[in-house]
Amino acid sequence: MNPQTVRAVVKRSTYQDSVVLLALARQLRAGTGVLEVAALMGTPSNRDLLAQSGLLTPEAAAAGANDLVLAIRANSAVAAEGALSQAETFLMAKQRRLEGTGRPLPRTLERARRHLPDANLVLISVPGAFAAMETRKALRMGLHVMLFSDNVPLEEEVALKQLAANKGLLLMGPDCGTAILNGVPLGFANAVPRGRIGFVAASGTGLQHVASLLAAQGEGVSQAIGVGGRDMTERVEGLMTLQALDALGADPSTELLVVIGKPPAPAVREHVEARLHALGKPCVAVLLGKGVDARSDGTFLTVATLEDAAAAAVALLRREAWRPRAFRAPQAEIRRRVQEVRQTLASGQRAIRGLFAGGTLAHEAALVLEPLLGPVATHLAPGSVGTHSVVDLGADEFTVGRPHPMLDATVRAEEIRKAGQMPDLAVLLLDVVLGYGAAPDPAGDIAPAIESARAEAMACGRGLSVVASVIGTAEDPQGLARQIARLEAAGVWVLPSNAQAARAAACIAGGEPILRLLLDAREG
Amino acid sequence: MSIKTANRMALERLVQAEPVLVDCRPAAQAMGLTDRTVLHAGPPLVWGQACATMQAAILCAIRYEGWASDDAQAAELVHRGEVKIGPCHHRGAVGPMTGIITPSMPVFLVANRSLGNQAFVTINEGLGKVLRFGANDESVLARLRWLRDEAGPLLGKTLRASGGIDLRALMAQALRMGDEMHQRNVAASCLLARALMGPLARAGADAAGLARVADFIGSNDQFFLNIAMAAGKASTDPCLDIPDSTLVVTMARNGTDFGIRVAGLGDRWFTAPVEMPTGLYFPGFGPEDANPDMGDSAIVETIGLGGFAMAASPSVVRFVGAGGLQDAIRATEEMGEICLGEHPHFRIPTLDERGTPVGIDLRKVVETGITPLINTGIAGKKPGTGQIGAGVARAPLACFEQALEAFSAQRQPARTLAGC
Amino acid sequence: MSAITDLFSQEIRVINLGLEVFAQNLERLCVPVIHMQWSPPAGGDPHRAALLAALADEDEEEA
């Protein structure tokens, strides 16, 4: 066997964004004799990652945050060199492509503005350590900001939002993945029609889910303003939420408001509710957290799930009656399907494992499961036998130095494959998110792993059921119907919403007692 | 005041300067350079650290003034402090390459009509074996004496009678003719020669003397370089001591160190070792023959010319990269990243009449890591070799990093800075 | 608030810093967008980046 070679090259002062590096790594990995590839900026945390993978050569160790590190482990020196020269070609071609377009390539915000003098929004997705500085610059220049970056310190968020509020500007974020302004999808967003529903969302995928469901029912979005996950906490005091509500309240196109987030700090909740009442427009709030009951006081309706938010909003607008339902499909069909699946499972298979790309979707799934099945763990390492887990693979701990699962399915596919080796696992629960910014074929990216996991389980005399929901619209680039079909072809039971998928998983894992609970109690 | 306001003020002062070439007189008279001083290019220099070319030029200048009869004696005078050396910049002057000025040398006077200050520079000696490149033999001395005794006085008489030559208009025109006023000055030199012709003819010299001066000017493509530099000096000096401004007003090299000065930091120098220029070499020469970067000529880059006006001078671009108009434009765009604005008077036809990037902002240099690009001649490291090529040099980032520290410390002396 | 209301009646024109894919998506939708060639300020040096942040231009009104 050939001895393994590790070679690393450092390109000084060469910054590339994580998506580009991802594409590069993927290309290099396909090379003959290449065993492992890392293409990372030389930040301290990335250098740690390299060390862990045995790729931290002396050159790599000396790299800085502005330097690009290319590290290869290969079967031979020749193979390693080949991969490195392939990397050179890739980067040169990219630079030529960039320059060849003849478009200006500004390096500073001031310069960018000179090229686009009437710019009104800055979309910032640079690493968190620098995001605050760039945001401050943008706000001082009088520009609205969508701050996609996370890992922005809380004190900075407060200071920046105060600055934005003083100037009457939008600061959507930090950690704002989705917004839709004037019909323009920003960040990760779905193709939804323009319409009469305005959103204030502390969650990107939450917003995506509700908006997609509304689109399917013929409604549309007037404006969808992201406020970042921490906005409604005590420290930030709902600064941006209140700004957004005021703006939507004054917007003639917005007839109804949807607020999405976690339960706000009590003081913030008071302010938000007071503001909503003052605005006088009907509102549906979905605040995903324990202990929130669906309630209504006239035009201000609080619901428990994202799909309920969509259904309630439509009903309010059309002055129809509405009540939450466990499943959309007929009771008998659900029952039949669950029993069919349960027959394929061995007696020890009782656990649910959720592997999610959307944090809010993971959170919602856990909130649906816990009242039905008991505690749900949120960490990746499998707990004791029979433990249920719902993991948000987009959480910080999984995304240091690696792209988000919405951009790259490698980590999730790997975890899905591993699920095939868990003897106590009954159900794999997944979310598949479509739209602008998402991968071109999210279903296709995980289908092989699903098939492989199921085959592995079968080879060991077990079943493995896979349940999923697809967040998206027919107009999304990936095509909702196509994506659902791909999953179903891999043996996945696809339900129309994240909450329903979680309930279906609970029925499969828990059997008859759960079925009876869900179908009888809530079905109307 | 706010940095933004200070910068706006400094930039305005810089671009609205009105440099006019008005006279030529001995340095002793024009600059009050009466003591035994040899001025040199760049930031303050320690004799022992000076490169061979600079040392040779200084020694030659001492012999020229008659303060010593040979180099050994001349060196002694420097060691004993009986002859002082110091930057041209400290006495209101600039000099190309070694940039030597001594009391009896004739210097041009450029007056800044908008604010009344003046700047000084020697008459460009021509190409080849000249003091500028550290040559120090008899031919150099002979030429220096001729400049002192014939060319200087005649040019002085000519200029005084001419009413002054508007340098801003001349350079704007030369820019449109393919000059960038650092590596390429041929159009500007021609325009100047044309402007001087009449007054020179009427200055009353004997025909032979007139012919010698006319030939001297007519045979030097780079004659205008020195005057461009003095125009730069006259434009930037008034910007020093605008507190709170991050405008870089001086860039200069002495063959050992590269120094910058910043408007808001007064006459403090921030230095780092010079870099080696990169470029193309004349036949028979290569990088191993090159002298480290030298001269006050980087002053033209601080006023939006030279490397900053590359797009106006595509023929110069061969020395920068693959060559071609696109590279020239890209170089100019790159400099735009670190500048405060565009020059209202120096415009580039190939860029739809946009003004050249002007007003280097210290902060932007450190932020982007883009250092000012200087078009420069390359001198031979053996004293007296002359120019061996042409290319580009960059101002070292370290100068700007140091200046940033100093600027911050000045703004917030006692407080610790909040993290970002 | 009024600036946000103003935004609702303007064409969205974006300066993109960071992931190039966001700019590419907007271009495909014919939204005016310029992508910045961003790199960490001061080469990623945190001390200098902090100095720069403190020396950034103040707001228009403060001038």
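In this predicted model, a good place to start is chain B, where helix 5 (residues 138–162) and helix 7 (residues 186–201) have axes that come within 9 Å and cross at roughly 100 degrees. An angle of that kind falls in the 65 to 115 range, and that makes helix 5 of chain B roughly perpendicular to helix 7 of chain B. On the helix 5 side, the residues that meet the partner are Thr158(B), Ala161(B) and Ser162(B), and across from them in helix 7 of chain B sit Leu196(B), Pro199(B) and Leu200(B). Sorted by class, this contact of helix 5 with helix 7 of chain B has 4 nonpolar and 2 polar residues, with no charged residues.

Stepping back to the whole of chain B, the domain assignment splits the chain into domain 1 (17–231) and domain 2 (240–411). Their centres, taken over C-alpha atoms, are separated by 22 Å. Where these two domains of chain B touch, 43 residues come from domain 1 and 42 residues from domain 2. On the domain 1 side, helix 3 (52–64), helix 6 (167–175) and helix 9 (223–236) of chain B each supply at least two residues. That same side of domain 1 of chain B, the one touching domain 2, is made up of 23 nonpolar, 14 polar and 6 charged residues.

Chain B also touches chain C, in a contact that takes 15 residues from chain B and 15 residues from chain C. On the chain B side, the elements that give two or more residues are helix 1 (3–15), helix 12 (362–368) and helix 13 (397–411). Helix 13 of chain B gives the most to this side, with 4 residues. By class, the side of chain B that touches chain C comes out at 6 nonpolar, 5 polar and 4 charged residues.

Chain C has a contact with chain A as well, and here 37 residues come from chain C and 49 residues from chain A. Several elements of chain C give two or more residues to the side that touches chain A: helix 1 (2–7), strand 1 (14–17), helix 2 (20–28) and helix 3 (46–54). The largest share of that side, 5 residues, belongs to helix 1 of chain C. The side of chain C that touches chain A divides into 22 nonpolar, 10 polar and 5 charged residues.

Now for chain A itself. Its secondary structure adds up to 19 helices and 20 strands. The radius of gyration of chain A is 24 Å, close to the 24 Å that the globule rule gives for 524 residues, so chain A is as compact as a globular protein of that length. Taken along the principal axes, the C-alpha atoms of chain A fill a box of roughly 70 × 65 × 35 Å. The domain assignment for chain A gives domain 1 (5–100), domain 2 (176–317) and domain 3 (331–522). Between domain 1 and domain 2 of chain A, the C-alpha centres lie 42 Å apart.

Two helix pairs in chain A round out the picture. In one of them, helix 8 (residues 204–216) and helix 11 (residues 306–317) of chain A have axes that come within 9 Å and cross at roughly 40 degrees. Helix 8 and helix 11 of chain A are therefore oblique to each other, and their crossing is right-handed. Helix 8 of chain A brings Gly206(A), His209(A), Val210(A), Leu213(A) and Leu214(A) to the contact, while helix 11 of chain A brings Leu306(A), Glu307(A), Ala309(A), Ala310(A), Ala313(A) and Val314(A). The residues in this contact of helix 8 with helix 11 of chain A divide into 8 nonpolar, 2 polar and 1 charged.

In the other pair, the axes of helix 7 (residues 154–166) and helix 9 (residues 239–250) of chain A come within 9 Å and cross at roughly 25 degrees. Angles under 35 degrees count as roughly parallel, and helix 7 and helix 9 of chain A are therefore roughly parallel to each other. Helix 7 of chain A passes helix 9 of chain A in a left-handed crossing. Lys161(A), Gln162(A) and Ala165(A) of helix 7 make the contact with Leu239(A), Met240(A) and Gln243(A) of helix 9 of chain A. By class, the contact of helix 7 with helix 9 of chain A holds 3 nonpolar, 2 polar and 1 charged.

Terms used. Residues are numbered from 1 along each chain as its sequence is written. Chains are lettered from A and ligands numbered from 1 in the order in which they are written. This is a predicted model: local features need pLDDT of at least 70, side-chain atom pairs count only at pLDDT 80 or more; totals for chains, interfaces and linings use all residues. Axes are lines fitted to C-alpha atoms, for helices over the stretch in contact, and angles run from 0 to 180 degrees between N-to-C directions. Angles under 35 degrees count as roughly parallel, over 145 as roughly antiparallel, 65 to 115 as roughly perpendicular and the rest as oblique. A crossing is left-handed if the near helix is turned anticlockwise from the far one by less than a right angle, and right-handed if clockwise. Two residues are in contact if their C-beta atoms, placed from the backbone, lie within 7 Å. Ala, Val, Leu, Ile, Met, Phe, Trp, Tyr, Cys and Pro count as nonpolar, Asp, Glu, Lys and Arg as charged, and the others, Gly among them, as polar. Domain bounds come from an automatic or database domain assignment. The radius of gyration is taken over C-alpha atoms; the globule rule is 2.2 Å times the number of residues to the power 0.38.
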